[in-house]
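Trainee: I've got the model open and I'd like to test the labels people put on it. Can we go through how each one is justified?

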Amino acid sequence: MAELYLGETKNSVFDTYKQDPKLFDEVIQADGKVKKHYQKIVKHFGKLAVEEYQKLDEFAKISFFNQGVTFAVYSDTLKGVERIFPFDLMPRIITALEWEHIELGVIQRNKAINMFLYDIYHEKRIMRDGVVPAQLVFSSNFYNREMIGVNPPGGIYTHICGTDLIRHKDGEYYVLEDNVRTPSGVSYVLSNRETMKKVFSNLFLSHNVQPIDDYPQQLLEMISSVAPDGIDDPTCVVMSPGMYNSAYYEHSFLAQSMGIQLVEGRDLFVDKNFVYMKTIRGPQRVDVIYRRVDDDFIDPLVYRPDSMLGVPGIMGAYKAGNVTIINAPGTGAADDKAVYIYVPEIIRYYLGEEPILKNVKTYRCELQEDFDFVMSNMHNLVVKPVDESGGYGILIGSKASKAEIDKFKKVVSGNRRKYIAQPIMSLSVHSTFIESEANFEQRHIDLRTFSLMGRHKQFVLKGGLSRVALKRGSLVVNSSQGGGSKDTWVIEE
Amino acid sequence: MALYTIEYQSQSQYSEEVLEGIFEFNVRPCSDDSQIIIEEASKNSFMEAIFQFKNLFGFQINRIRKADKFKEFAYTYRAKVQKKKMRLPSKSALSIAEERAELESPEFYIDHHLFLRKSPLTTLKGDNASKVLERKENTSVFEYLMKLNHYVHMMLSYTKNVTQASTTADEALSLKKGVCQDYAHIFIAMARSQGIPCRYVSGYLNQGKKFQGAAFMHAWVEAYLPGYGWLGIDPTNELLADDNYIKVSHGADYLDCSPIKGILKSSCENKNTYQVKVTAQ
Amino acid sequence: MMLSRIANSLFWMGRYLERADHAARYIRVHYYSTLDAPLASKHDFIVDSIIAMMGMEVKKDKSFNEEKFNNLITLDEGNPVSIRSSVAYARENARGARDSMSGELWGAINRYYHFTNGYSEKDLIKNGIYGFCERVNEHASVVSAALENTLMHNAGWAIVKMGIHIERASQVARIMNTKVKDIKKLEKLKSNRSSESYEAVTMLKSAEAFDMSKMYYRTVPNLEEALEFLILNKEFPKSIAYNLRHIHHNLGKISPQKFHDSGSVEFEIGKLHTYYHYLTWEEVKEKNITEFLDETIRSVYKLARSLESTYMSY
């Protein structure tokens with residue numbers, strides 16, 4: 001079969017595709033040749049006229065709507081506007097060989113982070129040995145003193161981990177963030193795949209795409225595996241802040257696809273250190289809680305007393321070993337972006353291995369040398385708060401005005417512990433259909449992987465969520481800020 | 001040797017029915033080297049069984065849960081406590097250099113971080129941060145703590161009802177007024193800023209003496225004196241905590257020691273009162 | 001296994017759905033009857049009747065006019081018993097229990113909500129209140145069909161049904177009570193007997209009972225017959241006796257035990273339902289009818305509270 005080059009498809013959605021030579025294109029090589037693992041896909045898309053493509057796009061949107069994959073935007077009134085996340089039909093493809101590298105890297109990282117969490121809440125060896133500064137760990141807003149000396153079942157803290165990866169222009173994968181609190185997005189991965197199977201069933205026949213639909217089963221197995229000791233047939237629940245939460249769809253989706261109860265804090269109560277849910281048949285004991293409520297809100301007797309989302313006394317039940325909370329409280333101490341800097345050292349320290357995945361060079365504004373560098377190079381850096389997610393509060397130096405930079409310098413100087421800075425990584429780009437142009441263009445993408453850690457088993461979802469920044473030139477892929485997503489295929493060639 | 005009878009009583013009234021409630025009491029004298037409970041009893045108007053557990057710092061909390069409606073609640077705790085005569089230090093146990101070596105070692109920070117970490121209630125900002133009493137090179141920890149005790153004691157005038165449970169050290173210092181917990185928070189903020197671990201203590205005072213704050217639950221601090229251990233200091237009365245002080249619990253700040261916590265399913269008005277009776281025998 | 005909170009949502013979904021349906025029908029029947037009613041000051045009379053039946057307090061000051069009133073009872077979000085409010089509450093409750101119902105039922109409720117929510121004051125003026133209320137009743141029928149035909153008739157369904165029967169029994173009692181009072185008012189206005197029988201028919205129509213009662217009595221029912229039919233008839237689905245029996249029956253689907261202590265909600269409904277089941281019209285006639293109906297409403301509400309505190313509190 002002849003190999004396809006860009007420009008060989010006529011009257012198609014690729015007609016005006018422009019390649020920026022400075023960027024790493026996932027699909028097309030610098031010489032214009034379509035990469036081997038994208039050949040079939042581009043050939044297929046290359047046959048589609050714009051109108052045909054738009055029809056498929058419409059079909060996909062309806063599929064999302066019918067699956068109920070919407071997120072609601074609320075105001076003061078009762079009316080919620082329901083929207084679907086922008087979805088791009090062209091899948092992101094990762095070869096099995098490349099995936100193996102990612103998977104090993106992600107598992108290695110999670111293992112080390114889990115050991116780190118155990119250590120900082122117990123012997124604190126890594127700090128005593130001077131590998132990670134104690135000051136840094138203890139000053140994290142997410143260091144949870146209630147977890148000191150607590151032994152979670154199976155020694156597992158980070159049951160569910162969402163590692164964010166990017167591919168730099170050097171072609172290497174870098175870890176951008178380890179989301180080990182309550183990473184979200186997996187429901188979109190599963191519904192993206194459902195939709196793709198409906199729209200392009202023939203493409204699945206010609207590609208050996210690794211399945212992902214076993215995720216709910218894997219998740220349930222993992223959840224059950226960390227039940228308190230002595231519970232053979234645990235009652236597991238998903239705990240949501242409620243239907244006004246923007247990720248409620250995902251909470252409900254996960255509960256339904258695992259076949260377990262979706263509860264809110266007000267459905268639960270603690271009596272004598274055991275957790276029960278209130279049912280029409282009276283109290284029923286709960287053994288494992290996959291909570292999608294932040295640490296600060298889970299127990300008003302221990303954390304924020306004004307929290308209406310939590311369950312008074314639940315931390316006591318947890319510490320007594322009568323209920324398992326997933327992820328364990330206090331995991332946020334490991335996804336503080338200033339702690340991120342030390343993850344390669346953390347891996348070497350606990351595992352005695354070299355990190356498989358690279359870290360992005362990161363400057364801690366708290367350190368004088370780094371701070372000075374950041375102050376004089378902010379225009380070339382991304383500056384981020386250490387304890388926020390969703391792309392909030394960050395400054396991309398190259399895209400900011402002088403006034404914005406000056407203002408941000410003041411903010412950073414006012415709270416140096418809170419900020420880190422990184423060189424602006426050139427995220428790889430992927431062909432993405434742009435509605436306003438009625439054609440494919442290059443857009444920056446990243447990859448959120450989802451991994452599970454159970455009592456005796458680690459699992460990484462094959463693929464994950466490829467997020468795409470839909471605005472031209474934008475590096476911000478977060479759904480809250482104009483990002484979309486793509487189905488992600490891991491294929492055996 | 002002193003023998004005390006302690007009685008803590010609290011009453012709560014609600015303007016409407018509360019649907020469900022859970023209360024935690026942190027009012028039980030702890031057992032340590034200097035004190036021991038000889039007998040104790042507690043009562044609650046719900047006649048519910050009391051659930052006991054130990055908090056983060058190892059102190060026993062009494063929890064009562066009421067699963068159905070109520071409009072009032074009363075709780076009483078009584079104990080007999082035996083208190084040993086304490087031998088209080090009059091100077092540092094170690095030389096200044098030895099003290100420094102201990103306080104500045106990384107291990108020491110790791111082991112005492114809970115009482116060196118700033119908390120929202122014990123952080124001084126702006127102008128107030130500059131009012132911190134600095135420890136000079138040639139001042140021993142003990143000397144410094146005594147100076148700080150005097151310094152903090154003089155900073156506030158003891159005044160009731162101007163501060164609340166949620167008042168920070170910073171706010172109290174600006175007001176120049178407050179009660180025992182405000183003295184304690186300011187003391188803690190300053191001691192910690194000098195690298196001396198310091199913790200908040202709540203407890204009872206012998207009501208037979210003319211101490212400030214004896215009518216209620218009292219608050220003082222414990223600071224870490226190298227070579228000695230935790231030393232009880234009461235900036236409200238500018239005293240060291242001796243056998244007139246019956247300790248209940250300690251923590252990073254007031255929030256770890258509040259005598260009563262309640263989470264209620266209701267949005268109504270409530271009125272809470274409590275009384276403390278301490279008699280020496 | 002069902003969470004008490006979900007049960008609560010389902011129960012109130014049923015109640016609000018039923019409430020909106022009755023309000024719309026009452027308004028519709030009364031609006032229609034103004035067209036040929038035998039009374040001069042009929043408009044005021046009907047406004048008062050609707051206010052009483054919906055349980056509102058309305059100050060009729062100078063700024064009060066028909067347009068405002070029509071808006072108040074149908075679209076006003078500030079009025080907690082307006083049709084739009086009831087439908088919005090029904091939908092909020094349905095949303096909370098979304099995972100325990102069929103897509104069809106949720107879809108039907110959602111479309112119902114979008115209809116009332118999207119209806120503008122302009123539409124109301126253009127199409128008239130009758131048109132709006134008719135569409136509301138149509139949507140209610142579609143929801144009712146989805147409820148009957150797309151759910152398993154298990155505990156969840158039984159709870160929705162209990163909400164519906166509770167609300168229906170109380171709404172029908174309110175309709176009767178309002179109409180009996182309306183008739184007394186008309187007597188004071190020295191109106192003739194014909195208005196009594198006319199209002200009796202309006203009462204039956206407000207409960208969709210006119211045709212069946214006519215068949216049952218083989219004549220157009222008079223007031224006594226209309227009341228008897230709506231209180232005691234064992235086979236007509238709007239009657240008090242019928243609804244109490246069905247609450248009893250549906251409770252059996254969720255109640256864990258067969259035998260019940262006095263003081264339990266099962267005992268309470270058993271007693272109440274049996275009382276109405278064996279009650280005769282002669283016995284009712286000896287009572288003051290409005291007091292009897294008030295007592296009925298109170299008993300039903302008390303029952304609803306017991307149901308909630310036993311099975312649905314969280």
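Mentor: Sure, and keep in mind that this is a predicted model. Start with chain B and chain C: no contact joins them, and their closest C-alpha atoms lie 9 Å apart.

Trainee: Which two chains share the most contacts, then?

Mentor: Chains A and C do, out of the two pairs of chains in contact. Chain A puts 16 residues into that contact and chain C puts in 17. On the side of chain A that touches chain C, the elements giving two or more residues are helix H9 (248-258), strand E7 (261-263) and strand E9 (274-279) of chain A. By class, that side has six nonpolar, five polar and five charged residues.

Trainee: What makes chain C an all-helix chain in the count of helices and strands?

Mentor: The DSSP runs in chain C come to 14 helices and zero strands. Written along the sequence, the pattern is α-α-α-α-α-α-α-α-α-α-α-α-α-α.

Trainee: Why does the radius of gyration of chain C agree with a compact globule?

Mentor: Set the value against the rule: a compact globule of 314 residues would come out near 20 Å, and chain C has 20 Å, so the two agree. The C-alpha trace spans about 60 × 50 × 35 Å along its principal axes. As for burial, 47% of the 314 residues of chain C count as buried, where the cut-off is 20 or more other C-beta atoms within 10 Å. And of the contacts in chain C between residues at least 6 apart in sequence, 72% join residues at least 24 apart.

Trainee: How many residues of domain 1 of chain C are in contact with domain 2 of chain C?

Mentor: First the bounds: chain C is divided into domain 1 (1-151) and domain 2 (155-314). Their C-alpha centres lie 20 Å apart. With contact meaning C-beta atoms within 7 Å, 29 residues of domain 1 of chain C meet 31 residues of domain 2 of chain C. On the domain 1 side, helix H1 (4-33) and helix H2 (42-54) of chain C each supply at least two residues. H1(C) gives the largest share of that side, 19 residues. The same side of domain 1 of chain C divides into 16 nonpolar, eight polar and five charged residues.

Trainee: Over in chain B, what makes E12 and E13 edge strands?

Mentor: Look at the order first: the open sheet of five strands runs E12-E11-E10-E9-E13 (chain B), with antiparallel pairing. Strand E12 (239-240) and strand E13 (245-251) of chain B each pair on one side only, and that is what the edge label rests on. Helix H6 (residues 180-193) of chain B packs on this sheet, touching E9 and E10 of chain B, and its direction makes about 15° with that of E10(B).

Trainee: How do you know that E9 and E10 of chain B are a pair?

Mentor: Pairing needs at least two bridges, and six bridges join strand E9 (residues 198-205) to strand E10 (residues 218-225) of chain B, so they qualify; they run antiparallel. One of the partners is easy to find: Tyr200(B) bridges to Val221(B) in E10(B).

Trainee: And which strands does E1(B) pair with?

Mentor: Strand E1 (residues 2-18) of chain B pairs with strand E6 (residues 70-83) of chain B in the antiparallel sense over 13 bridges. There, Ile6(B) stands opposite Ala79(B). Eleven bridges also join E1(B) to strand E15 (residues 270-280) of chain B, again antiparallel, with Tyr274(B) in E15(B) as the bridge partner of Ser10(B).

Methods:
Residues are numbered from 1 along each chain as its sequence is written. Chains are lettered from A and ligands numbered from 1 in the order in which they are written. This is a predicted model: local features need pLDDT of at least 70, side-chain atom pairs count only at pLDDT 80 or more; totals for chains, interfaces and linings use all residues. Helices (H or I, at least four residues) and strands (E, at least two) are DSSP runs, numbered from the N terminus. The radius of gyration is taken over C-alpha atoms; the globule rule is 2.2 Å times the number of residues to the power 0.38. A residue is buried if 20 or more other C-beta atoms lie within 10 Å of its own, exposed if 12 or fewer, and partly exposed in between; C-beta atoms are placed from the backbone. Ala, Val, Leu, Ile, Met, Phe, Trp, Tyr, Cys and Pro count as nonpolar, Asp, Glu, Lys and Arg as charged, and the others, Gly among them, as polar. Axes are lines fitted to C-alpha atoms, for helices over the stretch in contact, and angles run from 0 to 180 degrees between N-to-C directions. Domain bounds come from an automatic or database domain assignment.
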